[in-house]
There are 2 protein chains.
Amino acid sequence: MYTLDQLVGFVAVAEEGSFAGAADRLSMTQPPLSRQVRKLERDVGVELLVRHHRGARPTPAGRVFLDEARRLLARAESSRLRARSVAAGTTGTVRIAFTAVSALTVLGPWASTLTEQLPDVDLILTEMVTGEQVDALLAGEIDVGLARGPARIHPLTARPVASESMVLAVPNGHPLTRLRGAATLSDVAAHPLVTYAPAAARYLYETVAAVFRDADLTPHYVQHVAQVNSVLALVGAGLGVALVPSSVATLHLPSVTYLEVLDIPDHAVQVHCVWRSDNDNPALARALTFI
Amino acid sequence: MYTLDQLVGFVAVAEEGSFAGAADRLSMTQPPLSRQVRKLERDVGVELLVRHHRGARPTPAGRVFLDEARRLLARAESSRLRARSVAAGTTGTVRIAFTAVSALTVLGPWASTLTEQLPDVDLILTEMVTGEQVDALLAGEIDVGLARGPARIHPLTARPVASESMVLAVPNGHPLTRLRGAATLSDVAAHPLVTYAPAAARYLYETVAAVFRDADLTPHYVQHVAQVNSVLALVGAGLGVALVPSSVATLHLPSVTYLEVLDIPDHAVQVHCVWRSDNDNPALARALTFI
DNA sequence: ATCAGGTATGCCTTTTGCGCATCGAACGAT
DNA sequence: ATCGTTCGATGCGCAAAAGGCATACCTGAT
C-alpha cells in the first residue's frame, strides 16, 4: 500500500512540472522525492510521469491518478477535521427521550438552543415515560432522558432541570371559582377529579396520588386520561376538575379556568435530566452544557 | 500526515475488537500495531479507541473515523485499478476526427467495434477536413484522424485503412444509362458534373479534379456542394451527373442510378488513419489495434 | 563541442518500524 | 480477598526505510 506522503509528492511534482521545483516547495531535496514518486509508481504499477531533461509531465494514467490523489488527500484531511469535530461534540447525534411534562417545559427551549448552538448535531427525540427512559438508557438506546428523577441506578446520573407546582383546572362557573382563585386540597377532594392514566402518564398519575396521600385525602377519581390536552378537554366539558402542572396553565381554553391550590407543594412536579455517566458521546457532554 | 497502513491497522482493530486479534489478522505482532494506532490518534488529534482490559472499542469519533477510513482505503485501492486501466488503454478517451468519406466507410464499423471491445473508453467524434485534422493533431486537440493521407509531417504516422474506387451517379433515364452500366471518363466529361465544394469537402473535390486532370479531360462543373447527400439529391433532380465513392452506392435513391466508370483508378479514394507517433494516450494505442 | 538545467544513482546518516521480552492493569475464579 | 489470566503498554535491540549530499547522466540550446 502506498503512502499519503507519496501522493503529496506526486501531486507537487505534477503541479510544479518538475521534481526539483516540487522538492523545493516541499522543503526537501530532489533525490528522495524522485525515489518517493518512483516507489508510488511501482506500487500503482503504472508510469505516472514522463521525465525528460526539462521537468516531468503526467502520463494519461498520471492525469487520472492526479485527480484521484487530490481527492484522496482532501478526504484524508477532512476526515481528521470531522473526527475532531465529533470528539469536540460539535458534530454527532444526541438521542433524547422526554415525557409529556418535560415536552411542555424544558424540551422546547433546550432543543431550540441546541439546534442553534450545535447546528451539526442531530437530535433524535422520542417520547417515553420515565421507566422506559431508564431501560433505554441502560440499554444504550438513548443518550439522555428528561424524566422524573433522580434515578438512583448505578451508571445513571441525574440533574434537576425544572420544577413547578400544580394548579387546578376547573370548568368556567364551577362552584370553586367562588373562592377567588385560591383553593385547598380538601376543596379539590370534594369534587370529581379527572386524572392521568397510570400507564401512559405514570409520572403525573403518581405525583397527584402522592399529593393527596401526603394530605391524607382521598379524591374522587372519575377518569384516567393519557394526554394533558385530553384532561383539559374533559374539564372543559364539565366532567370534573383536574390538577395540572403550572406550565399547562399557559394553554388558555375558553371553557377552563385555573385556580391556585394553596397547600400543594411548590415543587410537586419535577423534571430531571438523566444520562449514563459512562456515556462517551461528546455531543451529549456538549449538549448537557446547554440545559 | 498519517499513513494508509495506520488506517488499515485501525480498521482491523476496530473490526476485531482487540489489538492482539487484529495483529494476528495482519500477520504482525501486537506492540507495533499499538504504536501504529496511537500514532494515528496523535495525528488526528482524537482518541479513536477506548482500551480496556478485554479489547478495545471505538469512541464516537472513532466510529465516524472508521467509516471515513474504510471509504478512504477503498478509494485508494480503486484509484490504483483505475490508473492501471487507463495505462492499459481500457479506460480513457480517444478523440477521433473523420471526413465525410471516412464516416461512410471505416468510422462506423470502427466506432462500433470500439464501444463493444472497450466499453470504458469514451469516444469524441468530430468531423474535419484533412487539413483541419493535421492541424488538430499537431495541436494535440485530437488523438487520431481518418483522412486522406499519408501526411508526411514529422510526428505524424499514417496507415491506410480503406480504399475504394468511384462510381458515376446519374438520374434515371439519363442517356448514359444506355451504356449498360459502364461508362468512361470522357463520357462523363461530356455531361454537366455536380461536384464537391473545395472548402468543405476538399478531399473529394481534389480527387475528382485529379482524376480528370490525369485523363486530360476538362469536365463541365455545374455545382459545388458540401455534402454527398446533397450531391445525390441534385443528381436525382436532373441537374447533372456526379462521381461518388463506391460506398455511397449503397445509398439507394429512387431517382438515381449508379454506373461503373471503366477507366477510373481502382483506389482513387483512400482513407488513412493518422496519429502522432509521440501520443502517449494508451487508449489510442489500444483503439488502433481494432482498425 | 560545450554548457545548462534537470533527473537518476551511490553512499552515508538518521529516523522509523518491527519483534521479543516484559511490565502493568483489570476482571474472573477460587 | 487473593491469585491467575488476558489484555494493552513499554523498553530495548536490530533491520529497513527515508532523507541529504555529492555526483553521474541525459538532452536540448548555444
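This passage goes through how two protein chains sit against each other and against two DNA strands. The model is predicted, so local features need pLDDT of at least 70 and side-chain atom pairs count only at pLDDT 80 or more, while totals for chains, interfaces and linings use all residues. Residues are numbered from 1 along each chain as its sequence is written, chains are lettered from A and ligands numbered from 1 in the order in which they are written, and side-chain values use heavy atoms, with hydrogens and water left out.

Start with the protein pair. Chain B superposes on chain A by a rotation of 180 degrees with 0.1 Å of shift along the axis, at an RMSD of 0.2 Å (a least-squares fit on the C-alpha atoms of residues with pLDDT of at least 70 in both copies). The two copies are therefore related as by a two-fold rotation axis. Within chain B, B:Thr3 has the C-alpha nearest that axis, 2.8 Å from it. Both copies use the same surface: 100% of the contact residues of chain B recur in chain A, contact meaning heavy atoms within 4.5 Å.

As for annotation, an unreviewed UniProt entry places "domain: HTH lysR-type" on residues 1-59 of chain A; such annotations may be inferred rather than shown by experiment, and their positions are given in the numbering used here. That span is 59% helix and 14% strand, and its end C-alpha atoms lie 21 Å apart. Helices (H or I, at least four residues) and strands (E, at least two) are DSSP runs, numbered from the N terminus.

Now DNA strand C. It has 21 residues around it, with A:Phe19, A:Ser34, A:Arg38, B:Arg35 and B:Lys39 coming nearest; "near" means a heavy atom within 4 Å. Of the strand C atoms within 4 Å of the protein, 71% belong to sugar or phosphate and the rest to bases. Phosphate oxygens of strand C lie 2.8 Å from a side-chain N or O atom of A:Ser34, 3.2 Å from a polar side-chain atom of B:Gln36 and 2.8 Å from a side-chain N or O atom of B:His53. Chain A gives two or more residues from each of α2 (19-25), α3 and β1 (49-52), and chain B does so from α3.

DNA strand D is surrounded by 19 residues, the closest being A:Arg35, A:Lys39, B:Phe19, B:Ser34 and B:Arg38. Here 70% of the strand's atoms within 4 Å of the protein are sugar or phosphate. A polar side-chain atom of B:Arg38 comes 2.4 Å from a phosphate oxygen, and for B:Arg51 the distance is 2.8 Å.

How values were computed:
A polar contact is a pair of N or O atoms within 3.5 Å; within protein, one must be able to donate a hydrogen and the other to accept it, and residues adjacent in sequence count only if both atoms are side-chain atoms.
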